[in-house]
Amino acid sequence: MMYDHDGKPVRTGRAAVNGTSLHYRTAGSGPAVVLLHGVPKTSYHWRHIVPKLTRHYTVVAPDLRGLGDSARPADGYDCATMSDDIAELMARLGHETYAVIGEDWGAVIGYQLAARHRDHVRALVFAEALFPGFGFEDHTALTPENVSSGMHLWHLGFYFQPDVPEMLIAGHERELITYMIKFERSHPDSATPDAIEEYVRCYSMPGGIRAMLAIYRAMLRDAELNRQAAEKKLDIPVLALGGSAFIGDRNESQMRIMAHDVTGHVFDAGHDLAEEVPEEMAEVLLPFLAGHL
């Protein structure tokens with residue numbers, strides 16, 4: 001369960017958008033902010049951040065296409081299509097303009113949302129992500145530098161191979177998700193049992209792992225889409241957030257390629273800021289949003 005600033009359960013719903021169906025959570029009042037989670041997580045990832053925002057903002061936290069309790073269609077897992085899902089959802093909910101906060105794959109999708117729907121996105125927060133087409137692929141290489149820095153992303157090549165990952169992961173979703181969640185954090189105890197249970201529940205459902213892998217298997221197409229979008233920089237303000245033990249200040253350096261107005265902040269954390277350092281993250285988010293919504 002997720003709660004707002006008054007301790008009331010958030011509202012949930014489903015919306016038919018862009019040829020699929022998205023499950024979402026929403027709460028609060030005021031200008032709209034949409035929160036986009038990464039992998040292997042769901043919108044439950046934002047449970048500590050939501051009550052920090054709902055006093056001032058209407059928060060919408062969807063489960064991305066194929067993930068959480070959203071539908072798992074056969075295709076459409078490239079970052080552009082998934083961003084169009086969110087644009088249509090926000091329009092369906094009556095939000096003409098909004099800020100976007102994305103982390104991990106949700107940050108890449110959030111960037112595409114801002115690039116493709118420029119009249120609707122007022123500000124972008126880009127947290128702990130690497131862009132396909134702009135260096136993400138370099139971290140798949142087995143090099144001393146990648147290994148020693150903890151940035152050898154071995155799983156990308158594994159996930160890209162068809163059929164074999166499904167065969168090996170089936171029945172071991174809990175082990176994989178627990179390992180990935182804890183290994184990428186400076187504060188592994190922040191991966192609480194309730195969160196792991198929720199993530200395992202969703203990714204163990206029929207099609208859960210298939211949908212997750214489909215996001216990675218769209219990386220080559222994503223690289224093309226990102227390179228195309230970067231030809232016209234974003235004009236909106238961008239806040240790039242990193243964890244010192246993972247992507248760090250590279251979040252900011254990447255976004256400077258994509259946008260004109262970028263500020264950055266690095267936390268003493270790993271990859272999952274909203275669960276590792278939610279209080280610190282909120283202290284940075286709130287002034288940024290207040291200045292641009």
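**Overall dimensions.** I began with the radius of gyration of this predicted model. For 293 residues a compact globule would have a value near 19 Å, and the protein has 17 Å, which agrees. I then took the extent along the principal axes: the C-alpha atoms fill a box of roughly 45 × 40 × 35 Å.

**Secondary structure and contacts.** I noted 13 helices and eight strands in the protein. I next looked at contacts between residues at least 6 apart in sequence, of which 73% join residues at least 24 apart.

**Burial and surface.** I recorded that 58% of the 293 residues count as buried. The accessible surface comes to about 11,500 Å². Carbon and sulfur atoms account for 54% of that surface.

**Charges.** I counted 26 positive and 40 negative charges in the protein. The mean positions of the two sets are 5 Å apart.

**Helix H9.** I asked how many residues of helix H9, residues 208–217, are buried. Eight of its 10 residues are, so the helix is largely enclosed by the rest of the structure. I listed the buried residues as Gly-208, Ile-209, Ala-211, Met-212, Leu-213, Ala-214, Ile-215 and Tyr-216.

**Aromatic pairs.** I describe each pair of rings by the distance of the centres and the angle of the planes. The count for the protein comes to nine aromatic pairs. In one of them, Phe-126 and Phe-131, the ring centres are 4.9 Å apart and the planes lie at 15°; because planes under 30 degrees apart count as stacked, I entered this pair as stacked. Phe-126 is buried at a relative accessible area of 0%, and Phe-131 is likewise buried at 0%.

I turned next to Phe-158 and Tyr-159, which form a tilted pair with 5.8 Å centre to centre and 40° between the planes. I checked the exposure of both partners. Phe-158 is partly exposed, with a relative accessible area of 25%, whereas Tyr-159 counts as buried at 2%. The cut-off for burial is under 20%, so Phe-158 at 25% falls outside the buried class.

**Aromatic cluster.** I asked which residues form one aromatic cluster with Phe-158 and Tyr-159. The other members are Trp-105, Phe-136, Trp-154 and Tyr-216. Tyr-216 also appears among the buried residues of H9.

**Backbone: the cis peptide bond.** As background to the next entries, I note that most residues other than glycine have a negative phi, and most peptide bonds are trans. I found the peptide bond from Val-39 to Pro-40 to be cis, with omega near 0°. Pro-40 is placed in the loop between strand E3 (32–36) and helix H1 (50–53).

**Backbone: positive phi.** I looked up Asn-18, a residue other than glycine, and found a positive phi near 50°. Asn-18 is located in the loop between strand E1 (11–17) and strand E2 (20–28). Its relative accessible area is 29%, so I entered Asn-18 as partly exposed.

I then looked up Asp-163, which has a positive phi of about 75° although it is not a glycine. Where does Asp-163 lie? I found Asp-163 in the loop between helix H5 (154–160) and helix H6 (164–169). Is Asp-163 buried or exposed? With a relative accessible area of 57%, Asp-163 is exposed, since the exposed class begins over 50%.

Methods. Residues are numbered from 1 along each chain as its sequence is written. This is a predicted model: local features need pLDDT of at least 70, side-chain atom pairs count only at pLDDT 80 or more; totals for chains, interfaces and linings use all residues. Side-chain values use heavy atoms; hydrogens and water are left out. Helices (H or I, at least four residues) and strands (E, at least two) are DSSP runs, numbered from the N terminus. The radius of gyration is taken over C-alpha atoms; the globule rule is 2.2 Å times the number of residues to the power 0.38. Buried means under 20% relative accessible area, exposed over 50%, partly exposed in between (1.4 Å probe, protein chains only). Contact means heavy atoms within 4.5 Å. Accessible areas come from the Shrake-Rupley method with a 1.4 Å probe; for residues, only the protein chains shown count as cover. Lys and Arg count as positive and Asp and Glu as negative; His and the chain ends are not counted. The place of a charge is taken as NZ of Lys, CZ of Arg, CG of Asp or CD of Glu. Rings of Phe, Tyr and Trp (its six-membered ring) pair if their centres lie within 6.5 Å; planes under 30 degrees apart count as stacked, over 60 as edge-to-face and the rest as tilted.
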